[in-house]
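Please look at the structure shown below. A student and a tutor then discuss it.

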Amino acid sequence: MKKALIIIDYVYDFVADDGKLTCGKCAQSIDEFISTKVKDFSLAGDFVVTAIDLHDAQDLFNKEREMFPAHCYDQKGQALYGKTRQAVADTPPSQYIAVNKNRYSAFFGTNLDLKLKERNVHEIHLTGVCTDICILHTAIDAYNLGYDITIYKDGVASFNTLGHEYALEHFKNILGATVI
């Protein structure tokens, strides 16, 4: 059985100091961890997935536009951050899946579930930002779709410390995920 590392929103707008909706230093501090995991999954013959916010400035129906500053509208904001960018670029194309999303969950309105099932993936490992928003919503959808879920405490970050801690407990106690 194959597994997949899903890197959620680990992009310039969410991580860089001058990103439009940055988590800042806490997100920057997980770059080495994520890039190492990408290499580990690639070497093991498993899959690497990037799930990246892709917003359309003309989409008047996306509720996020009312809740958060404009983000991920351009290539700079959507670019993978730091060492993770190169590690993903070095992943063999046959092991790489890219998903653009416009809601919190990497599964909502995307073909991610189909792509994973085509590749016989039943176990997913989540990294990226924000723990209590996009990671949490992706984990909930993964749970409802029947995936085994692992969350790396050293591979997720948020701009909300309380939300981050809540989400880690929720993953473990409500979704039955492995939190390591």
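**Rings and strands**

Student: Over the face of which ring does lysine 3 lie?
Tutor: This is a predicted model, where local features need pLDDT of at least 70, side-chain atom pairs count only at pLDDT 80 or more, and totals for chains, interfaces and linings use all residues. Residues are numbered from 1 along each chain as its sequence is written, and side-chain values use heavy atoms, with hydrogens and water left out. A charge sits over a ring if NZ of Lys or CZ of Arg is within 6 Å of the ring centre and within 35 degrees of the ring normal. Lysine 3 lies 5.4 Å from the ring centre, over the face of phenylalanine 41.

Student: Why is the pair of tyrosine 10 and tyrosine 81 given its class?
Tutor: Rings of Phe, Tyr and Trp (its six-membered ring) pair if their centres lie within 6.5 Å; planes under 30 degrees apart count as stacked, over 60 as edge-to-face and the rest as tilted. The two centres are 5.9 Å apart and the planes stand at 85°, so the pair is edge-to-face.

Student: Is tyrosine 10 buried or exposed?
Tutor: Buried means under 20% relative accessible area, exposed over 50%, partly exposed in between (1.4 Å probe, protein chains only). Tyrosine 10 has a relative accessible area of 0%, so this residue is buried.

Student: Which strands stand at the edges of the open sheet?
Tutor: Strands (E, at least two residues) are DSSP runs, numbered from the N terminus, and two pair if DSSP finds at least two bridges between them. The six strands have the order 3-2-1-4-5-6, with parallel pairing. Each edge strand has a single partner, so one side is left without a neighbour in the sheet; these are strand 3 (96-101) and strand 6 (178-179).

Note on methods
Helix = DSSP H or I, 4+ residues; strand = E, 2+ residues; numbered from the N terminus.
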